[in-house]
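Colleague: Before I rely on the labels attached to this model, I would like to hear the reasoning behind some of them. Could you take me through the values and the cut-offs?

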Amino acid sequence: MPPRRVSVFTPSRENAEVARELNAAFERVLRSGRYLLGPELEAFESSAAELLSTRHFIGVGSGTDALILTMEALGVRPGDEVVVPAFGAVPTPAAVVSVGARPVLADVDSKTGCITEESVSAVLGPSTVGVIVVHLYGYPADADGLAKFCEKRGIFLLEDCAQAFGAFVQGPSAATSKRVGTIGKAGCFSFYPTKVLAALGDAGGVATDDSQLAAKLRLLRSHGHTGDYRHVIAARNSRLDELQAAFLRAKLPKLETWAARRRKVADRLRGAITEATAGEVSFQADAPGHAYHLLAARHSSRDEILARCVEAGFDSMVHYPLPIGAQTAYMKFAMGEYPEAEQWAGTEFSLPTSPHLTDEEVERIARTVSLAVVRRIERTTLEAKAAVNEGEVS
């Protein structure tokens with residue numbers, strides 16, 4: 001019997017591990033008769049705030065809503081500009097557009113795929129009110145440096161932590177390390193079913209130490225309701241429901257164990273592939289606090305490698321095949337050149353780091369990628385020799 005196909009994400013395996021806890025959470029919510037803004041949400045918000053070492057955590061309907069509501073709470077208006085990465089997931093610029101502002105694209109670092117002070121500085125303008133840094137693939141970007149950069153200019157820094165719950169920026173000591181999402185004005189999280197901490201549907205949250213901002217967010221997520229059918233501001237509905245909060249509570253105690261396994265998988269893949277291919281495949285920079293939502297690999301012959309992976313029975317995905325400015329919906333926001341974003345889009349392929357991969361599956365992935373690269377090298381060498389021989393004959 002052939003080995004089972006390996007997917008980039010394995011939510012069914014994850015949920016099977018905590019099936020008893022998930023079923024208990026479901027039964028608990030079902031019996032309670034309380035399905036919105038109840039004790040499960042309060043308990044999850046408290047636990048998330050404690051883990052992140054932040055004063056407030058506000059559950060909302062999705063990671064995108066977390067960004068939108070936070071910008072609304074900060075007073076972002078039509079005509080304002082917010083700097084976002086030129087490479088990454090569309091929800092980040094989409095959130096800026098959703099509040100009527102203009103996303104301004106900044107190029108990314110060649111090693112991390114994240115924006116830098118230098119790339120942000122190059123696109124700042126008189127209408128810039130804020131910056132959104134994305135902790136891409138779980139890599140902890142330099143939020144400390146960007147926060148200081150933004151503070152000097154009187155603009156806000158938001159952290160998009162959709163792929164990085166639990167990641168941290170390492171300080172001189174463990175006591176000075178900071179969880180991502182706690183460095184800027186606020187941190188916005190997604191708990192989509194494939195994330196590091198995953199719900200069984202859409203869910204999101206915002207972390208902040210700003211009590212006024214937290215209070216505004218709680219109003220914005222629930223029609224501006226203060227109780228007893230009193231509404232003080234016109235607002236939408238974006239609530240993290242009791243069931244998803246209960247599921248997240250069930251998984252939260254596993255986070256550190258799963259994070260350690262993710263790093264072990266990423267280290268094994270990186271090491272084995274680098275050794276077998278003599279460094280032909282490059283990887284996103286490592287960091288002690290990397291959450292490893294994915295292991296981002298890069299090679300100029302990416303599509304050929306991916307084809308080999310599919311043949312061998314496991315999936316690899318491209319995150320993301322186009323820079324933001326090349327997406328049809330966002331072309332009008334591309335105002336310059338973004339060479340590093342284009343390089344990332346043209347060479348990146350994502351390897352799975354699921355904590356539920358078996359050791360055999362990890363080894364199989366490493367062998368498949370390595371073999372594809374080695375065969376590419378051999379073919380290139382043969383083609384070069386043939387070209388030389390043809391030249392000598394002619």
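Modeller: What follows is a set of questions about aromatic rings, burial and backbone angles in this predicted model.

Colleague: Why is the pair of phenylalanine 44 and phenylalanine 57 called edge-to-face?

Modeller: Rings pair if their centres lie within 6.5 Å, and planes over 60 degrees apart count as edge-to-face. The centres of phenylalanine 44 and phenylalanine 57 are 5.9 Å apart and their planes stand at 85°, so both conditions are met and the pair is edge-to-face. By this rule the count comes to 11 aromatic pairs.

Colleague: Where in the chain do phenylalanine 44 and phenylalanine 57 lie?

Modeller: Phenylalanine 44 belongs to helix H3 and phenylalanine 57 to strand E1 (residues 56–60), 13 residues apart, and the pair thereby links distant parts of the chain. Both residues also take part in a cluster that ring pairs build from Phe44, Phe57, Phe165, Phe189 and Phe191.

Colleague: How do you know whether phenylalanine 44 and phenylalanine 57 are buried or exposed?

Modeller: Buried means under 20% relative accessible area. Phenylalanine 44 has 0%, so it is buried, and phenylalanine 57, at 1%, therefore counts as buried as well.

Colleague: What makes the pair of tyrosine 330 and phenylalanine 333 tilted?

Modeller: Their ring centres are 6.1 Å apart, which is within the 6.5 Å limit, and their planes are at 40°, which is neither under 30 degrees nor over 60, so the pair is tilted. Both tyrosine 330 and phenylalanine 333 are buried.

Colleague: Why is tyrosine 35 called partly exposed?

Modeller: Its relative accessible area is 42%, and because partly exposed covers the range between under 20% and over 50%, tyrosine 35 falls into that class. Tyrosine 35 sits in the loop between helix H2 (19–32) and helix H3 (39–52), and together with Phe26, Leu30 and Leu36 makes a nonpolar surface patch of about 360 Å².

Colleague: What are the phi values of histidine 223 and tyrosine 229, and how does their exposure class follow?

Modeller: Histidine 223, in the loop between helix H8 (211–220) and strand E10 (225–227), has a positive phi of about 55° although it is not a glycine. Tyrosine 229, in the loop between E10 and strand E11 (230–231), likewise has a positive phi, near 55°. At 35% relative accessibility, histidine 223 lies between the two cut-offs and so counts as partly exposed, whereas tyrosine 229, at 75%, is over 50% and therefore counts as exposed.

How values were computed. Residues are numbered from 1 along each chain as its sequence is written. This is a predicted model: local features need pLDDT of at least 70, side-chain atom pairs count only at pLDDT 80 or more; totals for chains, interfaces and linings use all residues. Side-chain values use heavy atoms; hydrogens and water are left out. Patches are made of residues with over 30% relative accessible area and no salt bridge: like charges are joined within 9 Å, nonpolar side chains (Val, Leu, Ile, Met, Phe, Trp, Tyr) within 5 Å. Accessible areas come from the Shrake-Rupley method with a 1.4 Å probe; for residues, only the protein chains shown count as cover. A salt bridge is a side-chain nitrogen of Lys or Arg within 4 Å of a carboxyl oxygen of Asp or Glu. Helices (H or I, at least four residues) and strands (E, at least two) are DSSP runs, numbered from the N terminus. Buried means under 20% relative accessible area, exposed over 50%, partly exposed in between (1.4 Å probe, protein chains only). Rings of Phe, Tyr and Trp (its six-membered ring) pair if their centres lie within 6.5 Å; planes under 30 degrees apart count as stacked, over 60 as edge-to-face and the rest as tilted.
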